[in-house]
Amino acid sequence: MKKERRRHGRTHPSKGLEVRCTVAEHAGREEERYNLACRIVDVSAKGACLVTVGRLRKGVPVAIDLFVPHGVHFRSKATVQWYATVESRGREAHVAGLHFDRVFSTEGPKKEAPARSDSRPGRTAQLHTPEPVRAHKRFSPEEVNLVCLPKGLLRTLGLATNTGRRLKDLSRGGAQIVCSRRLKPGERVDLRLEFGRPELNIEAEGVVRWCQRDTASLEPRYLAGVVFKNLPEGSERSLRAIERAFIGF
């Protein structure tokens with residue numbers, strides 16, 4: 001089999017993942033959507049390796065659908081980069097490498113909460129206005145590496161990229177972060193905060209309460225308020241230790 005050089009780590013999907021690969025020109029005609037894929041071998045952020053029902057011609061445009069249990073669906077246009085026929089114990093298998101060209105839908109179970117805003121007359125909108133009142137005091141640690149991975153299909157497949165840029169402030173109940181794309185209110189994310197001083201890490205599941213564009217930045221940048229959910233015991237201890245280090249109690 002031809003060795004494919006990928007710059008992105010591969011993921012071997014778990015059981016239950018279904019794949020459909022169809023010729024792109026037939027993608028809109030249900031009666032002609034013949035599935036060319038037998039199974040998926042692995043997937044990365046930029047492509048996938050499939051076992052197919054026959055040999056696929058290099059350069060052919062296709063549409064690929066990945067169905068994950070619990071209603072998650074990933075769909076993208078792709079191009080056949082290479083193909084090979086493998087023989088083992090007298091049997092043949094056709095294998096093809098696909099490059100994702102454009103994702104045109106990423107869907108999952110929708111759990112959205114309404115965004116909160118201040119609509120009082122004469123009130124000037126502020127970037128932090130939609131955020132609910134916190135029961136704990138905020139503080140702004142320095143030397144923090146932020147990882148924010150939105151949940152969904154790409155996260156499930158290990159294809160999600162870090163949308164977090166930096167931590168703006170933190171409390172025992174949540175965080176205000178700067179991110180590279182707009183997050184939806186109600187969207188669930190996985191957060192990881194790596195502190196330089198003190199050297200502690202916090203990992204938590206969070207729910208986005210609000211998100212809006214940072215108009216002071218020329219490049220796409222958004223401010224978001226995230227409330228912690230399901231904080232592991234070890235991360236809760238680390239958070240309290242960091243809180244004591246910055247606000248003294």
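## Basis of the description

Helices (H or I, at least four residues) and strands (E, at least two) are DSSP runs, numbered from the N terminus. The structure is a predicted model, in which local features need pLDDT of at least 70 and side-chain atom pairs count only at pLDDT 80 or more, while totals for chains, interfaces and linings use all residues. Residues are numbered from 1 along each chain as its sequence is written, and side-chain values use heavy atoms, with hydrogens and water left out.

## Overall architecture

The protein contains two helices and twelve strands. Read from the N terminus, these elements follow the order β-β-β-β-β-β-β-α-β-β-β-β-β-α. Of its 249 residues, 41% count as buried; buried denotes under 20% relative accessible area, exposed over 50%, and partly exposed in between (1.4 Å probe, protein chains only).

Among contacts (heavy atoms within 4.5 Å) with a separation of 6 or more, 59% are between residues 24 or more positions apart. The exposed surface of the protein is about 15,000 Å², of which carbon and sulfur atoms supply 47%. Accessible areas come from the Shrake-Rupley method with a 1.4 Å probe; for residues, only the protein chains shown count as cover.

## The six-stranded sheet

Six strands form an open antiparallel sheet in the order β7-β10-β11-β12-β9-β8. Two strands are taken to pair if DSSP finds at least two bridges between them. The edges are occupied by β7 and β8, each with a single partner strand, so one side of each has no neighbour in the sheet. On average, neighbouring strands of this sheet are turned by 35° against each other, direction ignored.

Strand β12 pairs with β11 in the antiparallel sense over eight bridges, and six bridges join β12 to β9, again antiparallel. Within β12, Leu 223 is the bridge partner of Val 178 and also stands opposite Gln 212. Gly 225 in β12 stands opposite Trp 210. Helix α2 packs on the sheet, touching β8, β10, β11 and β12, and its direction makes about 70° with that of β11. For such angles, axes are lines fitted to C-alpha atoms, for helices over the stretch in contact, and values run from 0 to 180 degrees between N-to-C directions. Six of the eight residues of β12 are buried, so this strand is largely enclosed by the rest of the structure.

## Nonpolar cores

A nonpolar core is a set of buried Ala, Val, Leu, Ile, Met, Phe, Trp, Tyr and Cys residues joined through side-chain atoms within 4.5 Å. The largest such core has 25 residues, and Leu 170, Ile 177, Leu 183 and Leu 191 touch the most other members. At least two residues of this core come from each of β7, β8, β9 (174-179), β10 (188-195), β11 (201-213), β12 (222-229) and α2 (233-247). Another core, of 22 residues, lies apart from it and includes Val 62, Ile 64, Val 72 and Leu 98.

With neighbours within four places in sequence left aside, Leu 183 is in contact with Cys 148, Pro 150, Thr 163, Val 189, Val 208, Cys 211 and Ala 224. In soluble globular proteins, nonpolar side chains tend to be buried together.

## Salt bridges

A salt bridge is a side-chain nitrogen of Lys or Arg within 4 Å of a carboxyl oxygen of Asp or Glu; by this rule the count is eleven. Arg 75 forms one with Asp 65, with the closest N and O atoms 3.2 Å apart. Arg 75 lies in strand β5 (residues 72-88) and Asp 65 in strand β4 (residues 61-68), so the pair ties together parts that are ten residues apart in sequence. Both Arg 75 and Asp 65 are buried, and with Arg 20 they are linked in a network of salt bridges.

Asp 169 forms a salt bridge with Arg 138, the closest N and O atoms being separated by 3.7 Å. Because Asp 169 lies in strand β8 (residues 164-170) and Arg 138 in the loop between β6 (91-107) and β7 (144-150), the pair ties together parts that are 31 residues apart in sequence. Asp 169 is buried at 7% relative accessible area, whereas Arg 138 is partly exposed at 32%. A further salt bridge joins the side chains of Arg 181 and Glu 187 (3.4 Å, N to O); Arg 181 is partly exposed at 36% relative accessibility, and Glu 187 is buried at 17%.

## A positive phi in a loop

Asn 230 is found in the loop between β12 and α2. Although not a glycine, Asn 230 has a positive phi of about 55°. Most residues other than glycine have a negative phi. Asn 230 is exposed, with a relative accessible area of 59%.
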